[in-house]
Each structure stands twice: as structure tokens, then as C-alpha cells.
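Colleague: Hi! Could you walk me through this one?

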Amino acid sequence: MLLIECPHCGPRAETEYAGCSEAHIARPESGGLDMTDAEWVEWVFWRKNTKGVYLERWNHAAGCRRWINCMRDTVTNEILATYKAGEKPPKIADAEREYKF
Amino acid sequence: MDNFMRQGPLNDLGLVGRTSEDNAQVTMGDGGRPMVVNLRLDPANKAAMKAVATLVGVDLPQKANYFVEGKETEVHWLAPDEWMIVSQNMEGNELVSKLDEALDGVHHSAVNVSDNFAVITVEGEKARALLQKAIPLDLHPREFHTGMSTQTHAAKTNVILQQVSDAPFYKLYVRRSFSQYLWAWLESGSIGFGLAISS
């Protein structure tokens with residue numbers, strides 16, 4: 001079982017969390033009124049499928065129930081960092097790992 | 001409603017008539033029906049925090065995973081802006097209306113959640129060994145000790161786990177409808193330790 005650091009509660013077991021897709025997707029500034037259907041689909045449904053370091057939103061469902069952000073390597077399933085919702089992702093030492101395909 | 005009129009979900013288990021095993025190393029019991037209010041408030045609002053502290057008689061804890069004890073109140077940290085207030089002398093609705101009054105004009109939420117909870121008490125020399133079977137947290141005193149309270153899961157159900165004393169004595173606040181499940185789980189987990197039922 002993975003031990004994942006919650007920025008509020010400290011290190012907790014993986015089973016306390018729910019992982020929920022890509023982080024840092026900004027709500028359209030216009031409120032969406034001038035968006036086409038295609039743009040809506042893009043915003044609501046389409047997500048990156050990164051091979052490597054990926055930024056995700058996680059919910060500490062069985063703990064403080066707060067949304068947090070998680071930097072995870074999708075190849076190794078290694079959790080590189082967790083940080084509070086609303087914060088910028090931290091720099092990681094090994095920038096080489098940010099490979100994309 | 002008078003407290004004695006409220007039936008707890010563990011009443012159905014007939015714990016009163018149960019006999020304890022010889023040389024029991026774990027004691028479990030029904031922790032009764034607490035009077036609980038869930039409070040959400042911005043901790044940056046010092047005046048509002050002070051108003052609540054004056055009302056409940058103790059400062060709201062801001063340290064993660066701890067609870068503080070007042071004379072007739074316990075306040076548990078649940079999240080950076082969320083607390084559980086367990087009162088011994090005030091009905092949930094009464095406390096909610098007093099909180100709403102004290103926090104008039106402040107963005108907050110106070111909800112009476114008394115009927116949400118059943119409390120299971122676990123104590124004795126094997127209490128930690130028993131809970132450790134169900135809970136993924138490290139319960140070693142170096143990591144989790146008296147004065148701490150946290151939300152986690154025990155077996156498949158969410159609980160608020162509180163360590164009351166070094167005995168060790170734990171309280172598990174569990175959702176009412178899951179309480180019989182958790183009791184049954186812990187009881188079967190206690191096989192080999194010997195189980196006593198506290199009255």
C-alpha cells in the first residue's frame with residue numbers, strides 16, 4: 001500500500017484517497033457563454049493521457065475530505081509530490097522525467 | 001428530546017446481557033449517544049474564532065489530528081476549516097443556535113450531527129493490536145497518542161478515531177448505520193484476545 005502525504009493531515013494510506021483526473025484545468029473566463037460545443041467538450045471531457053509525470057486532483061475521501069493536488073509518474077506510479085488545491089506544482093529535481101509522447 | 005429517549009443503534013446487539021470472557025485483554029462498549037455539532041469556519045477570521053472559543057469554553061484546535069478538551073466540551077480538528085464539537089451539557093440544536101448567534105454575519109456553517117454517530121469504545125492492553133487490524137494508520141504511540149483524533153477508515157467504514165487515554169482507551173465515532181457492521185468486525189477481530197463488554 002502506498003503512503004501518500006496529505007498536505008493537511010500528514011502521511012496517510014492510499015485507501016483513504018480517491019484519485020480524480022487532471023488538475024489545473026481553469027474554468028473558462030468568459031463563463032462559457034461564447035464557447036462552441038466543441039470547446040465545451042474539450043473543457044469538460046478531454047484530458048491529457050500523459051506517459052510520465054502527471055498532475056492530478058485527488059480527494060482525501062476518508063480523511064479531511066479536502067481536494068489536494070498530486071504529482072504522479074504514470075509509468076512507475078511514484079507519487080513525486082502532493083500540494084494543496086490552489087497552489088502551483090512544486091519543481092521536481094529530476095526534470096528529465098518530464099518526458100512526453 | 002430527552003437523552004434517555006434516544007435509542008442507540010448498538011442497543012439491538014443486547015450488550016447489556018452479554019457476559020465477558022475470562023482474562024479479557026480487550027474491552028469494547030457502547031459509547032452512548034453524543035451531542036455533536038459540525039462547525040465550518042474560516043480560521044483566518046480571528047474575531048469569529050474567539051467568539052466560538054468563548055462560547056464553547058476552549059480554543060478551536062488548529063493542529064492537525066488533535067482534539068482539545070474543555071470543561072464540558074471537546075473540540076476535534078477535522079480539517080483546516082472544520083471542527084467537530086462534542087458537548088456534554090448542550091443539546092445539538094441548542095449549541096447550533098448559540099453558534100449561529102455568536103457568528104451572526106460571519107460566513108460559517110454549524111450543523112447538528114448528533115444523530116449521525118454511534119460511538120464504540122475500545123480499551124485494554126490489546127486494544128491497539130485490535131484496531132490496527134482494521135485501521136491503516138500507524139497507531140504506535142510515537143505516531144498516534146493520547147490527545148489525538150483523526151478521520152480515517154476502519155475496515156470498510158469511515159470513522160473518527162480518538163485516543164482518550166494511555167490505557168489505551170479509544171473512541172470510534174462511526175456512522176450510525178455502519179455501527180453494527182463495525183462492531184461485528186471488531187468483535188470477530190478480537191478472537192484470541194478475549195473480549196469483555198463494558199456496561
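Modeller: Sure, here come a few notes on domains and helix packing. This is a predicted model, where local features need pLDDT of at least 70, side-chain atom pairs count only at pLDDT 80 or more, and totals for chains, interfaces and linings use all residues. Residues are numbered from 1 along each chain as its sequence is written, chains are lettered from A and ligands numbered from 1 in the order in which they are written, and side-chain values use heavy atoms, leaving out hydrogens and water.

Colleague: Great. What domains does chain B have?

Modeller: Domain 1 covers 3-32 + 117-197 and domain 2 covers 35-114, with bounds from an automatic or database domain assignment.

Colleague: How many residues of each are in contact?

Modeller: Twelve residues of domain 1 of chain B touch 14 residues of domain 2 of chain B, where contact means heavy atoms within 4.5 Å.

Colleague: And which helices pack at about 120 degrees?

Modeller: H3 (residues 127-134) and H4 (residues 179-189) of chain B, with axes 10 Å apart. Helices are DSSP runs of H or I, at least four residues, numbered from the N terminus; axes are lines fitted to C-alpha atoms over the stretch in contact, and angles run from 0 to 180 degrees between N-to-C directions.

Colleague: Which residues of H3(B) and H4(B) meet there?

Modeller: B:Leu130, B:Leu131, B:Lys133 and B:Ala134 of H3(B) meet B:Trp185, B:Leu186 and B:Gly189 of H4(B).

Colleague: What about H1 and H2 of chain B?

Modeller: H1 (residues 46-56) and H2 (residues 92-102) of chain B pack at about 145 degrees, with axes 10 Å apart. From H1(B) come B:Ala51, B:Val52, B:Leu55 and B:Val56, and from H2(B) B:Leu95, B:Lys98, B:Leu99 and B:Ala102.

Terms used
Helices (H or I, at least four residues) and strands (E, at least two) are DSSP runs, numbered from the N terminus.
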